[in-house]
Amino acid sequence: MHGRQKTEASQAAQPARFGGRMRELRVEQGLTLAQLHELTHVSKSHLGNLESGSRHPSKEIAVPIDKALGANGELVELASQAPRRVRGQHRARPAQLPAVHHFVGRTHQLGLLHQARADGTTLITIDGPAGAGKTALAVRWAHDIARDFPDGTLYADLRGYAVDQPAEPVVVLGRMLNSIGIGPAHLPANLDERTALFRTQLEGTRTLIVLDNAAAAEQVRPLLPGAPTCLVVVTSRSRLSGLTVRDGAVRVTLTPMSLSDALVLLRRMIGARVDEEPDAASMLAHRCGLLPLTLRIAAERAALQSSTTLADLAEQLSSAQSRLDLLATDDDSSAARVVLSWSYKALPTDTARAFRLIGVHPGDDITVPAAAALVGISQNAARRQLEALAAIHLLEPTAADRYGIHDLVRAYASDRASAHEPEAERHAAMRRIVAFYLHSAHAAAQLLWPHRTLPPLPDPAPASHPLTFTTKHEAMQWCEAELRTLAAVTVAGTRRALDEAVFLPVVLNDFLFHRHAWQLWKPAVQEAAHLAESARHDHAHAALVNALGNACLDLQQPQEALASYQQALQIRRSLGDLGGQAWSLLGVGRTYDVLGDHGEASRCLADARRMFASVDDQWGYAITTSYRADACRDRGQVEEALGHVKKALEAFELIGERQSAGCALTKMAAIELERDRANTGQAIDALSRAHAAFTDSGDLWGQADTLRRLGQLHLDLGDPEKAHECLSAAAELLSDVTEPSAAQLRHRLLDTLRETQAVPLQPTPREAT
């Protein structure tokens with residue numbers, strides 16, 4: 001046998017020697033592959049490949065196997081003798097990794113990368129949105145493990161989202177082959193032959209390859225070596241699902257940084273100013289989207305403007321559009337706008353149009369049905385477009401058929417819409433989306449409050465595809481999930497003078513009344529009221545002014561509430577609207593009661609009841625009766641109050657109004673305790689029934705509030721364990737609600753929970769982050 005043949009035979013035998021000895025030791029100890037997997041945390045399939053000799057042992061894999069089998073270093077020695085072979089000529093040892101500066105955090109993702117390697121993975125993809133630091137993570141980790149790849153490290157920027165064309169695999173292969181010693185004269189001309197040569201040269205070597213900024217799996221696949229001893233790390237804005245499915249890649253997704261890591265990054269770049277202005281630094285980090293790219297740009301801006309406070313810089317970035325303009329550098333390639341453009345310019349025509357029109361949508365997230373209405377396409381087509389945008393992280397899936405959009409990305413989408421969508425098309429898109437939400441809200445309100453007479457609506461815009469609902473729970477869930485978006489759409493629609501926007505808060509009146517989300521909704525109702533007045537939608541105007549009375553009363557602004565109710569009453573009198581007058585008189589009576597004029601409150605409530613009776617509105621009559629109970633309580637007439645609330649409850653039960661019944665039962669519990677503090681049994685029973693009523697009607701807020709009252713009552717009774725149970729359940733109900741009033745209630749609940757000290761309270765993952 002010639003010398004070269006002997007060398008190659010020896011190299012081929014090396015994995016077999018390791019695998020054979022490993023199998024001997026395992027059998028001697030009576031271990032199965034599954035048991036060895038439990039001891040080493042190396043996958044069972046990879047252990048089998050090592051024993052068969054089809055996989056080359058690496059030192060980091062050999063160490064736990066050697067320890068588990070008591071080999072006293074024998075297996076580690078065999079692994080360390082793994083050959084580094086050269087085919088036919090001198091092979092260079094490349095060291096191409098770029099430097100990484102100011103790398104912070106990413107502990108979880110680094111752990112995932114190490115675990116994937118320990119499991120024998122030879123292909124890893126890192127995906128995430130633009131500016132998230134994918135390259136920095138890949139290169140930092142590659143530097144950490146480079147010592148375990150003695151045959152060198154290759155790095156290639158595939159330019160998947162560059163302004164010009166992505167790098168051609170045939171060109172990338174030529175450069176990498178040249179880096180390992182293959183001169184131009186020996187390079188094949190076509191892609192397949194270069195791929196074959198590349199795999200031949202890397203066979204049996206330990207080489208680390210970082211392929212940065214890939215556009216698609218097809219661009220990466222020709223660059224993959226066949227050697228099981230090599231490791232390839234690919235970064236992309238796309239999920240590269242093809243590499244996961246066909247090539248066995250392990251996928252690691254990069255999200256924005258945690259606030260604490262973002263502050264560490266800012267501190268490294270601008271020093272003590274972060275600690276001198278902690279609140280402003282946190283605001284600055286959030287306005288940079290917690291993305292390393294934009295954080296570095298902002299830090300550079302802060303360093304150049306040393307006389308500018310961080311608070312001033314955060315204020316400069318207060319609007320998403322200004323962030324696109326200000327988060328730029330002298331190097332255009334790192335400007336936020338340019339980086340986003342790389343993803344946008346790679347989109348197909350129809351997906352690019354969908355992205356632009358999403359910039360017209362005012363909400364923080366968007367559902368598949370809403371996107372279908374916005375773009376004017378079918379739901380199936382909308383789902384495909386949203387999935388395509390999510391695949392490159394221009395959107396992020398947040399729940400089933402729901403996608404979030406970062407405000408920087410939305411600002412860029414809006415910028416593209418202004419540049420490339422005619423004003424008529426942007427207006428039509430806004431009209432479709434307002435019509436979608438209006439008619440969907442109308443369907444929800446009809447189901448939730450069937451006793452409310454809703455205003456007639458304009459016909460839905462073509463292709464608006466409004467939703468329908470089959471259960472109250474489904475309708476209430478939709479209202480709750482879309483609470484913020486509905487407010488934003490109302491404001492955006494009124495500013496475009498769309499009549500449909502005027503009616504959105506009118507249709508949602510009862511939801512807003514029960515939900516108390518006025519910090520969010522009061523400005524939207526005010527804008528709608530102004531448009532309704534100027535457009536002479538008189539009935540809608542009266543309803544909106546009345547809703548402003550509800551808002552002011554909930555926000556403890558009784559004088560403003562009284563003025564609004566009286567204005568609504570005056571408009572409704574001029575319209576001859578008796579039912580509307582009754583609702584406004586109800587508001588006036590409630591406000592007088594809050595102001596301490598209980599006599600005037602009783603007179604107004606009595607007049608409201610007579611008006612409700614005259615128009616045969618049993619629901620309004622029962623609600624007014626319930627509020628008469630409040631007026632009696634405030635005058636110290638507890639027995640009369642109990643009588644009124646019982647009558648109201650009977651009426652609600654008779655007409656099947658479970659949510660209103662829950663409100664009446666909550667009042668009944670308070671009155672029972674006011675009658676006699678010993679009536680705790682009756683109060684607990686009433687609150688339990690109220691919770692059941694709110695559950696039946698799908699009222700999340702009502703359930704949480706009732707559980708809060710039960711918890712406080714059990715706390716007063718000296719039963720902290722039961723109190724903790726109720727308060728924990730209430731807090732959990734609101735765990736996904738970010739609207740301000742709900743968030744405040746959740747914080748109060750958690751504070752009370754901590755005070756009970758019945759059970760140590762552990763932060764939820766959401767709070768911990």
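**Notes on the predicted model**

1. Confidence first. The protein chain has a mean pLDDT of 84, with 88% of its residues at 70 or more; pLDDT is the predictor's confidence in each residue, from 0 to 100. This is a predicted model, in which local features need pLDDT of at least 70 and side-chain atom pairs count only at pLDDT 80 or more, while totals for chains, interfaces and linings use all residues. Residues are numbered from 1 along each chain as its sequence is written, and side-chain values use heavy atoms, with hydrogens and water left out.

2. Where to be careful. Confidence in the protein chain bottoms out in helix α40 (residues 765-768), at a mean of 28, and peaks in helix α30 (residues 558-575), at 97. (Helices, H or I of at least four residues, and strands, E of at least two, are DSSP runs numbered from the N terminus.) Residues 1-13 have pLDDT below 50, and this stretch has seven contacts in the model beyond near neighbours in sequence; contact means heavy atoms within 4.5 Å. Residues 757-769 are also below 50, with 14 contacts beyond near neighbours in sequence. Where pLDDT is low, the predicted coordinates should not be read in detail.

3. The parallel sheet. Five strands make an open sheet in the order β2-β3-β4-β1-β5, with parallel pairing; two strands pair if DSSP finds at least two bridges between them. The edges are β2 (153-157) and β5 (250-253), each with a single partner strand, so one side of each has no neighbour in the sheet. Twist averages 15° from one strand to the next (axes are lines fitted to C-alpha atoms, for helices over the stretch in contact, and angles run from 0 to 180 degrees between N-to-C directions). Inside this sheet, β1 (residues 123-127) and β4 (residues 231-236) pair over five bridges, and Leu123 has Val232 in β4 as its bridge partner.

4. The antiparallel sheet. Here three strands form an open sheet in the order β6-β8-β7, and the pairing is antiparallel. At its edges, β6 (365-367) and β7 (396-399) each pair on one side only, and the twist averages 35° from one strand to the next. Three bridges join β6 to β8 (residues 402-404), with Thr367 opposite Arg402 in β8. Helix α21 (residues 379-391) packs on this sheet and touches β6, β7 and β8, its direction making about 35° with that of β8.

5. Arg402 up close. Is this strand residue buried or exposed? Arg402 has 13% relative accessibility and so counts as buried (buried means under 20% relative accessible area, exposed over 50%, partly exposed in between, with a 1.4 Å probe and protein chains only). Its side chain makes polar contacts with the side chains of Asp365 (3.3 Å) and Glu482 (2.9 Å). A polar contact is a pair of N or O atoms within 3.5 Å; within protein, one must be able to donate a hydrogen and the other to accept it, and residues adjacent in sequence count only if both atoms are side-chain atoms. Leaving aside residues up to four places away in sequence, Arg402 also touches others, including Ile366, Pro397 and Ala481.

6. The cores. The largest nonpolar core has 130 residues, and Phe355, Ile433, Tyr437, Leu508 and Trp521 have the most contacts inside it. (A nonpolar core is a set of buried Ala, Val, Leu, Ile, Met, Phe, Trp, Tyr and Cys residues joined through side-chain atoms within 4.5 Å.) Helix α23 (residues 423-448) gives the most to this core, with twelve residues. Ile433 touches His361, Ala370, Ala373 and Leu374, not counting residues up to four places away in sequence. A second, separate core of 27 residues includes Val172, Leu173, Phe198 and Leu240.
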